[in-house]
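Biologist: I should like to learn how to read a model of this kind. May we go through it feature by feature?

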Amino acid sequence: MVAVSSTALALDGSVAGLFVVFGLGVMVSRQMLASLYFFMWQSVALTASALVLADALDAINLLWVAIITFVTKVIAVPLVLRWAAGQAIYGRREVDQALSIPASVLVAAVLALVGWFAVAPTLPFLHTAPFAHLNLPTGLIMVLWGAFTVALRRESVAQLMGLLIMENGAFFGSIAIVHNLAVIAEIAAAVDVPIVALVIGLLIRNIRRVTGSTRVGALDRLHER
């Protein structure tokens with residue numbers, strides 16, 4: 001195993017805890033604007049984890065990952081989503097979802113256990129990646145939570161939030177395993193997120209213009225002309 005300091009492991013553990021808390025906030029928040037803010041803070045936690053790993057592993061590429069993540073996910077993506085949905089969507093008090101908040105938290109706890117136990121058999125083989133023992137299960141848990149958010153929410157913008165935290169989870173786990181990618185590959189992996197958000201945002205904006213709503217159930221009002 002690569003030797004890393006206990007301080008770095010403790011810092012990454014604290015960041016992972018915040019990463020999970022903010023992801024849970026995205027999933028159960030009843031306000032669209034609060035859900036967006038939770039995603040932004042989760043992206044800040046992802047940036048912090050990349051910085052911790054960059055310092056502990058002396059991996060300059062992770063420094064670029066942190067910078068690109070902050071610019072794209074903390075700044076660019078929220079701006080795109082605010083523009084696409086409009087103030088009318090973020091001004092709502094509540095977002096429709098299929099389950100109550102207590103039931104959603106219970107399902108989230110079950111998914112967290114599933115994610116942790118699913119990764120556990122692979123961890124002994126990752127002896128060269130000291131941070132993988134925490135980042136990998138945390139990332140998988142977030143992927144599961146993101147998928148559940150997509151299924152839970154009835155608003156297209158909120159479902160997009162689920163897809164974004166899935167991507168955050170995949171990134172959170174992968175930087176602990178593969179941290180020596182070429183910078184051009186890291187840029188390509190990070191820039192595709194705001195591009196996807198822009199494309200989906202344009203679709204949401206046009207759907208809202210036609211149907212007057214971003215509810216998924218309203219899509220049946222769209223017909224070919």
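The dialogue below moves from the whole chain to its core and then to single residues.

Modeller: This is a predicted model, in which local features need pLDDT of at least 70 and side-chain atom pairs count only at pLDDT 80 or more, while totals for chains, interfaces and linings use all residues. Residues are numbered from 1 along each chain as its sequence is written, and side-chain values use heavy atoms, with hydrogens and water left out.

Biologist: What does the secondary structure of the chain come to?

Modeller: Helices (H or I, at least four residues) and strands (E, at least two) are DSSP runs, numbered from the N terminus. Here there are eight helices and zero strands.

Biologist: What span should helix H2 have?

Modeller: The expected span is 1.5 Å times one less than the number of residues. For the 26 residues of H2 (residues 32-57) this gives 38 Å, and the end C-alpha atoms are 37 Å apart, which agrees. Just after H2, Asp 58 has a positive phi of about 55 degrees.

Biologist: Which element gives the most to the largest nonpolar core?

Modeller: Such a core is a set of buried Ala, Val, Leu, Ile, Met, Phe, Trp, Tyr and Cys residues joined through side-chain atoms within 4.5 Å. This one has 46 residues, and Met 27 and Trp 145 are among those touching the most other members. H2 gives the most, with nine residues.

Biologist: Is Thr 149 buried or exposed?

Modeller: Buried means under 20% relative accessible area, exposed over 50%, partly exposed in between (1.4 Å probe, protein chains only). Thr 149, in helix H6 (residues 132-152), counts as buried because its relative accessibility is 0%. Not counting residues up to four places away in sequence, Thr 149 has contacts (heavy atoms within 4.5 Å) with Met 27, Ala 158, Gly 162 and Ile 165.
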